[in-house]
Amino acid sequence: MSAPAVEVSDLVMRYGRTLAVDALSLTVEAGRITAILGPNGAGKTTVLETCEGYRRPQSGEVRVLGLDPIRQHRELMPRVGVMLQSGGAWSAVRAREMLAYVASLYAHPLPLDDLLTRLGLDSCGRTAYRRLSGGEQQRLGLAMAVVGRPQLVFLDEPTAGLDPQSRRATWELIQQLAADGVTVVLTTHYMEEAERLADHIFLLDAGRVVTSGSPSDLVTSGAQNTITFRAQPGLPVAELRRVLPAGQVAAEGPPGTYRVEGEVTPQTLATVTGWFAALDVLPSDLTVQRHTLEDVFLELTGKALRS
Amino acid sequence: MTALSFIPAPGASRLPRMVAAHARMEVLLLARNGEQLLLALGIPLLLLVGGAKSGTVVDLGSGRRIDVLTPGVLALAVMSTAFTSLAIATAFERRYGVLKRLGASPLPREGLLLAKIAALLCVEAVQLGVICAAGLALGWHPRGGFGTVASCFVLVVAGTAAFASLGLLLAGTLRAEATLAASNLVYVLLLVVGAVVVPLASYPESLHAVVSVLPSAALAEGLRHVCSGAGMDWWRVAVLVAWAVLAGTLTTRTFRWE
């Protein structure tokens, strides 16, 4: 197995009295798409900016492509591409000029016109940055991150505020980056994005990794799934509860509507249907609801909105 | 769909190429900005032509008006570019995340500084060329030969270092709007009380000690002294170097990139 592209171990970052990153560790494998997912204020950008060498770890260690992002900054920078959450260009600079300037800082840049066309920016090459739409500015930021042909790109919310077409174009580009061997680390708070793109997800909350794994791992393992069904009211639910394994609960909601919640397995389903057979009851609308990544996200990070 | 390939081929460009690309961009953006052009050339030329033609509205002391005026306007041009323009441009680069973005690029910080110096010197070369030509056309007679040119060069470089350090000190600590306001205010204040265009000798005696240690007075008086054929006044260079060292030290300690 190749060496990890990014290794963060026991990273601690504080802003004043706020603990932004709390002894966080994560490893990013080379050549894959890794999403750092979490609500606002979870510490996603802080982790990324520490990897980019903007912030010095207050405690813990960060290695990117085996290098220290601060002490070996000069060696590291040509090998990584960075897309900031916003800005990064002069307000009066034209889109193509800006990309050409960034390209001139690299030894083997991509062909500009092909890249502009690929991101749908060919028609606004002569437009001043401040007159570009938000989506065009985002896509130019992405172009600036990849134009130097980096090994690794850090994309901070690459599709925030994009319309569906631009989002799709960005997704396709990110997928091609990975297919061509570029390691991609992106932050997002769109569950759909992480689920579609990522090979591996780190779910962050309050500066810690709450859970991690592939999208399918996250929605199946340990997730709280639900069986619901309808039948006549007043079935002896207590009996069902006795035969279900610990950690699974059964209850009648509105009369005639029943729910079984917990780590639902095929065995759970067999137990429930066995109970029907013993009671000689034929339920209707029997469904097993598998949770989406969004449910996992909300379960693990709490349902309260954060500013 | 183009056959664009992202197969990695990382590598930094050579430093001179990066510096040249960045300096070119700074000059290009300045040339595209009307206000900056007004500051760099419009105001100095207006003062030069207006001052030369206006007779005795402002007392410039003894000597031919154009001979007193031209070196002062040259000093003003250096001040506008190295101080006001640089401060405003850098403050907005900070605000728009340009400096931050460049922090994650192969352009090292000293490369950025070199590029900014190169851009300043390019703009000043154009300014000084235009102002000298206008001054000569209006009858300016600088005294001395190569020695005068060399001394002026030393003064301009020292003045640029002093004003650029002060400009970066503002840009690296204040918000962009505050830098815009402060750098324009300082520019106008120095123009009025800093012995830039009006020579120190025309100021009340009691102010001489204070005004003469201002970087504006040091540069303008130094240029007037040299161009009158009186030779280099090294005291003026020392004042400018002291400002450059003081402001440069403070800037390296306080400059915030974001």
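Q: In which sense do strand S3 and strand S7 of chain A pair?
A: This is a predicted model. Strands of a sheet pair through backbone hydrogen bonds, either parallel or antiparallel. Strand S3 covers residues 33-37 of chain A, and strand S7 covers residues 183-188. Their 5 bridges run in one sense: parallel.

Q: Which residue of S7(A) is the bridge partner of Ala35(A)?
A: Ala35(A) has its bridge partner in S7(A). That partner is Leu186(A).

Q: Which strands are the edge strands of the open sheet with the order S5-S6-S7-S3-S8-S9 in chain A?
A: This sheet has 6 strands, and its pairing is mixed. Neighbouring strands are turned by 15° against each other on average, direction ignored. An edge strand here pairs on one side only. The two are strand S5 (80-83) and strand S9 (208-213) of chain A.

Q: What angle does the direction of helix H5 of chain A make with that of S5(A)?
A: Helix H5 of chain A spans residues 134-146 and packs on the sheet. It touches S5 and strand S6 (152-156) of chain A. Its direction makes an angle with that of S5(A) of about 165°.

Q: At what angle does H6(A) run to S7(A)?
A: H6(A) lies across S3, S6 and S7 of chain A. Its angle to S7(A) is about 150°.

Q: How many bridges join strand S1 and strand S2 of chain A?
A: Strand S1 holds residues 6-15 of chain A, and strand S2 holds residues 18-28. They pair in the antiparallel sense. Val6(A) has Val28(A) as its bridge partner, and Arg14(A) has Leu19(A). The number of bridges is 7.

Q: Which residue takes a positive phi in the hairpin of S1(A) and S2(A)?
A: The hairpin has 2 residues between the strands. A positive phi near 60° belongs to Gly16(A).

Q: Which helix packs on the open sheet with the order S2-S1-S4 in chain A?
A: This sheet has 3 strands with antiparallel pairing. Its edge strands are S2 and strand S4 (59-64) of chain A. The twist averages 25° from one strand to the next. The helix touches S1, S2 and S4 of chain A, at about 120° to the direction of S1(A): helix H1 (residues 44-51) of chain A.

Q: Why are H1(B) and H5(B) oblique to each other?
A: Two packed helices are described by the angle between their axes and the distance between the axes. Helix H1 (residues 15-31) and helix H5 (residues 109-137) of chain B have axes 8 Å apart. H1(B) passes H5(B) in a right-handed crossing. H1(B) and H5(B) are oblique because their angle is about 45°.

Q: How many nonpolar residues does the contact of H1(B) with H5(B) have?
A: H1(B) supplies residues including Leu15(B), Met18(B) and Val19(B), while H5(B) supplies others, among them Leu112(B), Ala115(B) and Val123(B). The contact has 2 polar and 2 charged residues. Its nonpolar residues number 13.

Q: Which helix gives the most to the side of chain A that touches chain B?
A: Here 38 residues of chain A are in contact with 30 residues of chain B. On the chain A side, 20 residues are nonpolar, 11 polar and 7 charged. Helices H3 (95-103), H4 (112-118) and H6 (164-179) of chain A each supply at least two residues. The most, 4 residues, comes from H4(A).

Q: What percentage of the residues in chain A are buried?
A: Chain A contains 11 helices and 13 strands. Its C-alpha atoms fill a box of roughly 75 × 45 × 40 Å, taken along the principal axes. Of its 307 residues, the buried ones make up 41%.

Notes: Residues numbered from 1 in each chain as written. Chains lettered and ligands numbered in written order. Predicted model: local features only at pLDDT ≥ 70, side-chain atom pairs only at ≥ 80, totals over all residues. Axes fitted to C-alpha atoms, helices over the stretch in contact; angles between N-to-C directions. Parallel < 35°, antiparallel > 145°, perpendicular 65-115°, else oblique. Left-handed = near helix turned anticlockwise from the far one by under 90°. Contact = placed C-beta atoms within 7 Å. Nonpolar A, V, L, I, M, F, W, Y, C, P; charged D, E, K, R; others polar. Pairing = 2+ DSSP bridges. Buried ≥ 20, exposed ≤ 12 C-beta atoms within 10 Å, placed from the backbone.
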